[in-house]
Amino acid sequence: MERPRILIVGGGFAGLECARRLERKLSPSEAEITLVTPFSYQLYLPLLPHVAAGVLTPQSVAVSLRRSLRRTHIVPGGAIGVDPASKVCVVRKITDEVVAQRYDVLVLAPGSVTRTFDIPGLTDYARGMKTLAEAAYVRDHVIAQLDLASASVDQKERESRLQFVVVGGGYAGTETAACLQRLTTAAAHRYPRLDARQIKWHLIDIAPKLMPELGDPLGEAALEVLRDRGIEVSLGVSVAEVGAETVKFTDGRVLPCRTLIWTAGVAASPLIGTLDAETVRGRLAVTAEMRVPQFEGVFALGDAAAVPDLAKGDGAVCPPTAQHSARQGRAVANNVIASLHNQPLEPYYHKDLGLVVDLGGKDAVSKPLGVELRGVPAQVVARGYHLMAMRTNAAKFRVGANWLLNATAGDDFVRTGFLARQPARLQDFEYTDAYLTKDQVRAHAQSLLAKG
């Protein structure tokens with residue numbers, strides 16, 4: 001008999017953990033495993049602010065899939081549509097060739113994209129922090145502003161280049177503002193023509209509290225750290241309009257600014273919109289076993305799925321965190337194997353282990369297993385957690401060595417020239433305009449299948 005074809009979409013925390021467990025528990029004769037992902041690495045997303053700040057090299061947080069996976073067939077591309085009726089996933093390879101990938105069991109772990117709103121100028125001028133390329137670009141861009149401000153004799157130009165705005169008071173935004181502010185502060189003494197007091201960072205969020213998931217004491221502690229560093233934190237405020245050289249806030253303020261970093265949440269991958277399936281706030285509605293009930297042999301997990309959080313109950317769904325995604329990947333693999341062997345599926349249950357927020361240097365706030373920590377103890381817990389979560393020993397070593405090198409030798413504040421003269425819109429990095437409509441998916445699936 002032909003081996004069942006298991007297709008995994010997405011090489012992030014969920015997809016990689018699923019593939020690893022399937023490899024370990026299924027023999028090559030039991031199933032053919034294929035992974036569709038545009039990059040041959042798992043991105044360790046929580047450490048992207050460290051990449052943007054130059055504390056870590058990009059390679060450090062790009063965990064090789066081929067080092068972790070031995071016999072999974074990796075297709076270099078992105079899924080742009082799924083036709084469950086034909087059991088076909090439409091894939092656009094990195095060469096832009098569109099192919100049909102057949103499957104018997106489909107595991108959807110395409111992750112998420114930056115959530116945006118209908119704000120004038122946002123998609124044209126905002127920078128994201130969702131991909132490795134974006135983090136590398138943001139670093140280049142921030143250092144370029146210091147270079148250009150130092151070279152300028154125009155006071156208005158200097159002012160606009162030395163003001164930076166980060167939107168989003170969650171973990172990503174808070175860590176991004178904290179780490180990049182440390183970067184510009186450390187860099188200032190290398191620019192004798194610049195006054196460090198002219199460099200201003202702003203963190204804004206529409207919510208009334210910073211990182212409310214941490215609780216009031218730790219949220220206030222993080223807020224105090226940021227303000228002590230000179231970062232202006234504005235809560236209950238959002239962006240009204242973004243221009244090439246100005247940012248207007250909803251409270252009426254207009255700042256001269258050429259750098260707006262947008263981290264105001266995520267949305268499920270647009271791939272989810274190509275399926276005729278029930279969603280919960282844009283995420284696929286799945287059972288506790290992570291099955292998509294409308295379709296046979298389809299599972300969904302991670303940021304793209306609304307997985308019931310049985311540990312919390314009351315209809316809660318699991319938050320889109322790396323911690324849940326990795327564990328869901330292993331749980332889905334077990335359920336895929338159970339479905340192939342006609343055995344009962346197990347519901348996903350995981351009690352959150354806690355949260356860590358690295359503010360750079362000796363500053364951090366952490367809440368492991370409900371214990372509130374701040375300062376050096378919190379930093380030890382935060383970095384220890386990240387090292388344990390890295391998938392390979394090589395990745396652990398690179399990250400640890402980079403931390404040590406940066407702490408002892410500092411940064412040279414070098415620009416690589418990455419995309420220096422090209423537009424850098426959100427969709428240029430996240431390819432959100434590449435997905436097909438439902439009708440296009442069906443048409444592509446039928447035509448590609450007809451070709452063989």
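Student: Is Asp-251 buried, partly exposed or exposed?

Tutor: Read the percentage against the cut-offs: buried is under 20% relative accessible area, and exposed is over 50%. Asp-251 has 42% relative accessibility, so it counts as partly exposed. Keep in mind that this is a predicted model.

Student: Which residue does Asp-251 form a salt bridge with?

Tutor: To call a salt bridge, look for a side-chain nitrogen of Lys or Arg within 4 Å of a carboxyl oxygen of Asp or Glu. Here the partner is Arg-253, and the closest N and O atoms are 2.9 Å apart. Arg-253 is partly exposed too, at 26% relative accessibility.

Student: What about Asp-195 and Arg-197?

Tutor: Check distance, then exposure. Their closest N and O atoms are 3.0 Å apart, and they form a salt bridge. Asp-195 is partly exposed, with a relative accessible area of 29%. Arg-197 has 71%, so it is exposed.

Student: Where in the chain do Arg-383 and Asp-358 lie?

Tutor: For any pair, ask which elements hold the two residues. Arg-383 belongs to helix α10, residues 376-389. Asp-358 belongs to strand β23, residues 354-358. They are 25 residues apart, and the pair links distant parts of the chain. Their side chains meet in a salt bridge at 3.0 Å, N to O.

Student: Are Arg-383 and Asp-358 buried or exposed?

Tutor: Both Arg-383 and Asp-358 are buried.

Student: How many salt bridges does a search of the whole structure find?

Tutor: The search finds 19. Look for linked groups as well as pairs. One network of salt bridges links Asp-276, Lys-438, Asp-439 and Arg-442.

Student: Now the sheet. What is the order of its strands?

Tutor: Read a sheet from one edge to the other. This open sheet has 7 strands, ordered β7-β6-β5-β2-β1-β8-β21, and the pairing is mixed. The edge strands are β7 (98-102) and β21 (298-300), each pairing on one side only. From one strand to the next, the twist averages 35 degrees.

Student: How many bridges join β5 to β6?

Tutor: Look at the direction of the two strands as well as the count. β5 (residues 73-83) and β6 (residues 88-93) run antiparallel, joined by 6 bridges. To locate yourself in β6, find Arg-92; Gly-78 stands opposite it.

Student: Which strands does helix α1 touch?

Tutor: Take contacts, then the angle. Helix α1 (residues 13-25) packs on the sheet and touches β1 (5-9), β2 (32-37) and β8 (105-108). The direction of α1 makes about 155 degrees with that of β1.

Note on methods
Residues are numbered from 1 along each chain as its sequence is written. This is a predicted model: local features need pLDDT of at least 70, side-chain atom pairs count only at pLDDT 80 or more; totals for chains, interfaces and linings use all residues. Side-chain values use heavy atoms; hydrogens and water are left out. Two strands pair if DSSP finds at least two bridges between them. Helices (H or I, at least four residues) and strands (E, at least two) are DSSP runs, numbered from the N terminus. Axes are lines fitted to C-alpha atoms, for helices over the stretch in contact, and angles run from 0 to 180 degrees between N-to-C directions. Contact means heavy atoms within 4.5 Å. Buried means under 20% relative accessible area, exposed over 50%, partly exposed in between (1.4 Å probe, protein chains only).
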